[in-house]
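User: I'm new to this structure and would like a close look at one small part of it, with enough of the surroundings to find my way.

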Amino acid sequence: MNHLKQLFFFVLFLQCLMTFAQAQPKLKDIVSAMDTLQSKLPVEKLFLHLDKPNYASGDTIWFKAYLLNGDYLTPSTRSGLLYIELDDLDNKCVKRIMAPVSSGLSWGNIALNPEDIPDGSYTLRAYTNWMRNFGEDYVFKKQLYITSLTNDPLLVGIRNKQVTSGPKDSIMTSLLFTGVNKHPVLLQDMQLNVLEGKRRLYRFKASTSFDGQISLSYALSAKMDTRKLMIQAQEINKKENARQWLLPVAINRPEKVDLQFMPEGGNLVAGLPTLIGFKAIGEDGRSVEIEGKIYNNKQQLITGLKSTHKGMGAFYLTPEIDESYSAMVDLPGGGRKSYPLPGVKSTGTHLQIRSKDADSLEVSITATNDLAKRGNSFYLLGQARNMVCYGALIVFNKGIIKKTIVRSLFPTGVARFTLLSTDKRPLNERMIYIDQHDQLQLYIRSDRTTYAPHDSIALKLQVTDRKGQPVRGFFSLAVTDDSQVKCDSNADNLMSNILLSSCLKGTIEDPNYYFDYPSPETAAALDNLLLTQGWVGYNWEQIYGPVKPSAFAAEPEFAIHGKVTNIFNKPVANSEIRLLSKKPHLLLNTLTGNDGRFTFRGFSPVDTASFFIQAFNKHGKSFNIGIEVDEFTPPVFAQTAILQRPWYLNTDTAMLQNLNSIQAKQAVRDKMDGLGRVLKQVNIVSKKIIKGSHNLNGPGEADQVLDEKAMEKAGKKTLGDLLEEKVAGYNVFGFWSLKPASPPMPMYYMIKDRKIVFLFDGMPLERYQRSMDDYYQYVKDYLDYYTAEDIKGIEVIASEHYTSSYSQYLDPRDFVSQWAFIEITTRSGAGPVLKKTPGIYVYKPLPFSMPKQFYRPRYTVKDKPNGTDVRSTIHWKPHIVTDTAGRATISFYSADKPARYTVIMQGTDLHGAMGYQRAITTVK
């Protein structure tokens, strides 16, 4: 198979050379510049196969990563490390891990600890350090909703109605609270907060009616980001287990529909017939279906338009000189709105591409009379996967030129054609999809048609190429319970992502729709998508300019890099560096180079590693010498435009069944533990003790305690970020005066309405502060300097029950009730000192996700279903290798209850071909 792939691309390369040989030297220069850029900045593509699309708190995300070269889709050899992170609604990372990559493959798991990852909408991102050179479009991302578990879940229905009054729009939101049995929740007092992200806009108190409803009205400002608009609802007047819901308010005001028009080739040129693609997006970032008519500036009807799939469509128009055009569109809800089309240019070129037959494309190039002069020339380039696959010199001898281009020049995927002027300026661009039908064929067969609970299920897997020849490949497989997991057949998979989604900018809704059921309709929809979506790839400024050094180095393996400097911050050459570690067990030595830098590599990572690094000068001392280690600097990503909706909002029945199953399982276990009696739950709360604490009330005697375990989880977070994230009511109060002549007011750190006194190892920070004018910045320096790695624990003392012991730290004129205290116990125990230990560095890299075994129960004929086996992911197999006959067999046991199982298998032969397949298995 490998030889066939190499032969294909060798033939493709020869064809391109023959084409280029007939062209002018300038074309060769352009192609050479593009090849140089590709060789120096090769692209990596990444996809994560997850065991299921959404999760509950306490779940585990099981993943398989496929890291491929962007050109031939072979395993990437540049990167041996992968970063995976989970970002919340405010784009703050709540969890980040590393995973080792070998031969382009990796697999592992991410535990969703409820304490760290509360209920809400999240974005899962994955990338290598090398991928960061190319921008966020290359980063793999997937949206998830993580649902918290409650003992008595409620369902919430939401409906929004727009009310326009005055300069602002008002929204009337109606909420319906019901139990899982659909019975309304009667007369329940609720606290309702309208939020924009985490910023509270409005606050209401209301009670549900006899039919379980609450209505509230609030205004929308022009600056408000309605995509982040949510309602936080919480029960009040309940002593224990008050429930809370976070409800995205999907506002779609018809007049806010964004309608964009994209002429084929890029421009509307007078007298040149043009196919114009369009795309309509609602206020919530999702597509909107529309219909309307096109008028000229005399209000004469020209043609109609109607979206055919996900708000997209296309229509033909021959623009006229000195004309302008607009679309009058019928919007959802009965409104109408006019949208202008792009302006008409009096001169220009047009690039049109159509399918001529199964083997070739017809490219038509037209130009206005001033450009279509005899002998006037242009360049036509065709690219795919950032490689030049076609090039030709276009010489006009009449107003239109047609070229027939064979599809075999291009690999499967998105191809971009560009028409350039002789001075190398891009004039027109057009994307199309090429399908060589060379992907893998996957077959999944079960040994029986149906199964009973606790049956052993065997799946026989067969992989072939398009000619039916067996293929040895590497695959992952997930089996999920349809009654608990809703698997969308149109969701992204390895093939649709690598060949389509990763090539286009923006969000692609239902990407597998274009692959799953090939038809003239899906082919037309795919063409409309390529008309309206942006291209992810090099721009022409990058190609013609000098190749800049990459900002982010490739990481072929896990390594520790650093630098040794003296007291004058000059590099120290030939300094001995010693690395010690208990996990993994290591004792290594090396020397710094002339630039003072050192590297440790060649050892296997572990899940939670910690390294002690010490430097010595030529006299064997660590004094007057410092160590800097290259710490990972996380990227900052743009916020995701579309929020995932929780299962309890307008009810996802599959997720409801999943949560009911988990609770039923726990109830059965409780009965078994109680020998048949359901025992009343007793919560035993152990006090968190901070060793070495100077808490005047005694260690652990505080309103909130963050112990050493919490510090280890926080890793390299600064003390300031840690307090902001974890301490309830923590905030900064104060502002700078708007009057230039007035002095600025001081800013204070506070817990709710109490000013904070910070104490490090029992020593108040204020003791070292001479002036209160710069108090905010003075404290901030310490909060930014210390990280969680430097701290054993944090104790928050804010209630009068505890603060009375701290009156000795206050001015006699102050009331202790106005103050709160935060006790910080450092590992050094030296108090608030802004100084690191000379010659010593404690390095704790990001935790590694090492491959773990997915739990699979084993049953015998004597094992009867007892309600405890309610897996939503029935089986997960991240690493399946087919043999030389293209075959593999996997087996697992069914769960307790009858259900239909969905099997999803995908993977690659590591030589450029990929495959994806779904199958169904039934347990009766």
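In which loop is Gln299 found? Please take me through that spot, then show me around the rest.

Analyst: Happy to. Keep in mind that this is a predicted model. Gln299 is in the loop that runs between β19 (291–296) and β20 (301–306). What makes this residue worth a look is its backbone: Gln299 has a positive phi of about 65°, even though it isn't a glycine. As for its surroundings, Gln299 has a relative accessibility of 56%, so it counts as exposed.

There's a second case to set beside it. Leu187 isn't a glycine either, and it has a positive phi of about 50°. Look for Leu187 in the loop between β10 (168–179) and β11 (189–196). With a relative accessibility of 52%, Leu187 counts as exposed.

Now let's step back to the whole chain. Its secondary structure adds up to 11 helices and 53 strands. Of its 924 residues, 50% count as buried. The accessible surface is about 44,400 Å², and carbon and sulfur atoms make up 52% of that. If you take the contacts with a separation of 6 or more, 68% of them join residues 24 or more positions apart.

How far does the predictor trust all this? The mean pLDDT of the chain is 85, with 88% of residues at 70 or more. Among the elements, strand β1 (residues 44–50) has the highest mean pLDDT, 97, while helix α1 (residues 2–21) has the lowest, 48. Two stretches also call for some caution. Residues 672–685 have pLDDT below 50, and beyond near neighbours in sequence that stretch has 6 contacts in the model. Residues 735–744 are also below 50, with 7 contacts beyond near neighbours in sequence.

For a look at the buried side of things, try helix α9 (residues 719–726). Its residues Leu719, Gly720, Leu722 and Leu723 are buried. Looking down the axis of α9, you'd find the buried residues within an arc of 165°, so they line one face of the helix. Their cover includes two helices, α8 (708–714) and α10 (775–785). Strands are part of that cover too, among them β43 (730–733), β45 (754–760), β47 (791–797) and β48 (819–826).

The aromatic rings make another good tour. There are 31 aromatic pairs in the count. One of them joins Phe598 and Phe600, edge-to-face, at 5.9 Å centre to centre and with 65° between the planes. Phe598 has a relative accessible area of 2%, so it is buried, and Phe600 is buried as well, at 3%. Tyr806 and Tyr809 also form a pair at 5.9 Å centre to centre, but this one is tilted, with 35° between the planes. Here the two partners part ways: Tyr806 is buried at 0% relative accessibility, whereas Tyr809 is partly exposed at 26%. You can also pick out an aromatic cluster made up of Phe558, Phe603, Phe611, Tyr843 and Phe848.

Last stop: charges over rings. Arg78 lies over the face of Trp130, 4.1 Å from the ring centre. Lys755 does likewise with Tyr748, lying over the ring's face at 4.1 Å from the centre.

Conventions
Residues numbered from 1 in each chain as written. Predicted model: local features only at pLDDT ≥ 70, side-chain atom pairs only at ≥ 80, totals over all residues. Heavy atoms only, no water. Phe/Tyr/Trp six-rings, centres within 6.5 Å; stacked < 30°, edge-to-face > 60°. Buried < 20%, exposed > 50% of the residue type's maximum accessible area, 1.4 Å probe, protein only. Lys NZ or Arg CZ within 6 Å of the ring centre and 35° of its normal. Helix = DSSP H or I, 4+ residues; strand = E, 2+ residues; numbered from the N terminus. Contact = heavy atoms within 4.5 Å. Areas by Shrake-Rupley, 256 points an atom, 1.4 Å probe, with all protein chains shown as cover. Arc of directions from axis to C-beta. pLDDT = per-residue confidence, 0-100.
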